[in-house]
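Q: Could you take a close look at one part of this model for me? I'd like to hear about the pocket and what is sitting in it.

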Amino acid sequence: MYKRIFVNQCGYLPLMEKLVTFRCCGKDEPVRFHVRKSDGTQILSGIAAKRVENPSAQEINYIGDFSQVTEPGRYDITAEGYGESDSFEIGGDVYGDVFQKAFRFFYLQRCGCAVKPDEDSPYSHGPCHTSPAILYGSSRTKDVSGGWHDAGDYGRYVAPGAMAVAQLLYAYEENPALAGQYACPDRGVSCQNLTPFLHEIRYELDWMLKMQAGDGSLYHKVSCRSFCGFIPPQFEKDPLVITPASVTATADFAAVAAMASRIFRDRDPGYADVLASASRKAYEALGQIELPGGFRNPEGITTGEYGDVCDKDERYWAAAELYKTFGEEKYRKDFEALAAERIFHGYGWEDMGSYGNRAYLTAGRPVDEDLARRIREEMLRLADSLSETVLSDGYGTSLSPDGYIWGSNFYAANNGIHLYDAYLLTGDEKYRNAAASQLHYLLGRNPMGVCYLTGCGTDPIRRPHHRPSGFVGRAMEGMLSGGPCSGRLDDVARQILPEGIAPAKALVDMTGSYSTNEVTIYWNSAFVQLLAEMTLTCGQR
Ligand code: G3I
Ligand code: 9MR
Ligand code: ZN
């Protein structure tokens, strides 16, 4: 069915702002629409009068507002000539299931142990990638088993892993009640003093600890030399190779280990100590690594590169986070020296500045008040520009037409987090609404009319680029697809999508399209953090 009405398929919390998008074909005029309850009773009629020319979707949209509807129930929206929307729910717990699935994904991505979510899960597997890995360019080997598979492939990469952990720790700190609802699928294993949520995060931290070299630096990644076919993880038996260390991996680890050490402190002091000393050691090693131009895959290795030419933002994050956790002046000085050059922003795998800003502003220790003020000002300026885009976009996304790059959904989610930062700084609801709008976009109010989280909503992504899903023939639930990528950067995208396709429609829901439809741990972590923030505050006015 060709859709012309677009809503968040996973629904809305009662007090959330609720906007619906109409795709105009034919008559270009305001749309009279009706909100119906599942028993057919019509409960609201309205006019969608806001008209938007939409260059990202290359169409005209009309936007309607049904925020007035707050009563729990199942609904859909109709309009003459437009058909009907996907049905959706309004209620206090509409995202409970979404959260469970999106977070359970990390358990299912575990490497190095048996994974058994339930008796008859097709994604169960025995321990994978357990053989000692070769240190690149030598004949020595090292045990670096554990951690989460990065994505649709089975590589394990430190920088994006650290970033994912940081976002999950933020989700935990910001919304402990939601994190506390997570039911651990790892039955029979004790979470000791940790909640199941933290226990899962520890799985990745334990692996990163193994990725630390004797000199304190972090090996950039471990994987086979090239990507394998669509086989389950335990069948990938090629030799594992550990690549040389990088500044980005080392700084990101120093930062996230400091953060985790603070958060784990009262539940597991022994583990917090281990993290603290590993963090300091990594930070010290930063002075010794010279890597002009950033990490590059060494010859013969063709798996995920995560190259990043600028490592200042990673050092910036590390300095701020270590200052917050350990309080030593040298960390503060390092941060302030970098900030004097430039205030960094970003929640991506290559742009870590915003983690640094958050840590500095919440250090709970003496800071340079003038610098803190400038950081806040810049954060608000960023949020203002994002919020302008949100208001001018037909689907409420924060992405401009040239923003549909590889992992565009990740950028949408991270922009939601930036907007939420501005809400925290000002208490202004417009930022929170713009942040929530990113969630609605990801879950169905988008030009593809899909729910980008597998296994959720009425019309989810079905064929993500994910080896276990491809092998089983059914999408694992709870994974955020990368989303439209207008560059058509894989063969399938080039075959299926016409040149000049509307950027926001450059998605192919087929297994082969890794540039538009892959999944990763750090895209899911962004989603989980945004969800945690939205469910925390959108319930209240
Ligand atoms: O930053 C530029 C931007 O300035 C420019 O306007 C835009 C235009 O295309 O490109 C931007 O760079 C892109 C970059 O992602 C942005 O983060 C590159 O073109 C694009 O090639 C690059 O894609 C990365 C991709 O690996 C290829 O290197 C993705 O971010 C990254 O998420 C992805 O990661 C892969 C791993 O390598 C392997 N495992 C799966 C994972 C997800 O697909
Ligand atoms: O599966 C790989 C995916 O995880 C990566 O993001 C992507 C880009 O590096 O590459 C995928 O692997 C493809 C390889 O690059 C080219 N041959 C086909 C592979 C997918 O089956
Ligand atoms: Zn594995």
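**The pocket and its ligands**

A: Ligand 1 sits in the largest pocket. Keep in mind that this is a predicted model. Ligand 2 sits in the largest pocket too, so let's take the two in turn, using the definition of sitting there as more than half of a molecule's atoms lying within 2 Å of the pocket's grid points.

Start with ligand 1. There are 14 residues around ligand 1, and D150, D153, Y411, E518 and Y522 come nearest. Sorted by class, that shell holds eight nonpolar, two polar and four charged residues. Now for the polar side-chain atoms facing the oxygens of ligand 1. Y411 has one at 2.6 Å from an oxygen atom of the ligand. E350 places a polar side-chain atom 3.1 Å from an oxygen of ligand 1, and for Y306 the distance is 3.3 Å. As for cover, ligand 1 has 770 Å² of accessible area on its own, and the protein covers 60% of it.

On to ligand 2. Its surroundings are made up of D153, F227, F230, W406, H465, R467, Y514 and E518. By class, you'll find four nonpolar residues, one polar and three charged in this shell. Three of these residues have a polar side-chain atom to look at here. For H465, an N or O atom of the side chain is 2.6 Å from an oxygen atom of ligand 2. For R467, a side-chain N or O atom is 2.8 Å from an oxygen of the ligand. E518 has a polar side-chain atom 2.6 Å from an oxygen atom of ligand 2. Ligand 2 exposes 450 Å² when taken alone, and the protein buries 61% of that.

Put the two shells next to each other and a link shows up. D153 and E518 are listed among the residues around ligand 2, and D153 and E518 are also among those that come nearest to ligand 1. If you're browsing the pocket on screen, that pair is a handy place to start.

While you have the model open, have a look at the metal site as well. The zinc ion (ligand 3) has as its protein donors C111 (SG), C128 (SG), H129 (ND1) and H149 (NE2), at 2.0 to 2.3 Å from the ion. Angles among the four donor atoms run from 100 to 116°, and the site is tetrahedral. Along the sequence, the donor residues follow the spacing C-x16-C-H-x19-H.

Note on methods:
Residues are numbered from 1 along each chain as its sequence is written. Chains are lettered from A and ligands numbered from 1 in the order in which they are written. This is a predicted model: local features need pLDDT of at least 70, side-chain atom pairs count only at pLDDT 80 or more; totals for chains, interfaces and linings use all residues. Side-chain values use heavy atoms; hydrogens and water are left out. A residue is near a molecule or strand if one of its heavy atoms lies within 4 Å of it. A polar contact is a pair of N or O atoms within 3.5 Å; within protein, one must be able to donate a hydrogen and the other to accept it, and residues adjacent in sequence count only if both atoms are side-chain atoms. Accessible areas come from the Shrake-Rupley method with a 1.4 Å probe; for residues, only the protein chains shown count as cover. On a 1 Å grid over the protein atoms alone, a cavity is a set of points where a 1.4 Å probe fits but cannot get out, and a pocket is an open set with protein on both sides within 12 Å along at least five of seven lines; lining residues have an atom within 4 Å of a point. Ala, Val, Leu, Ile, Met, Phe, Trp, Tyr, Cys and Pro count as nonpolar, Asp, Glu, Lys and Arg as charged, and the others, Gly among them, as polar. Donors are N, O and S atoms within 2.8 Å of the metal (3.2 Å for Na, K and Ca); water is not among the atoms, so sites may look incomplete. Four donors count as tetrahedral if all angles lie between 85 and 135 degrees; four count as square planar and six as octahedral if opposite donors are over 155 degrees apart and all others between 65 and 115; anything else is irregular.
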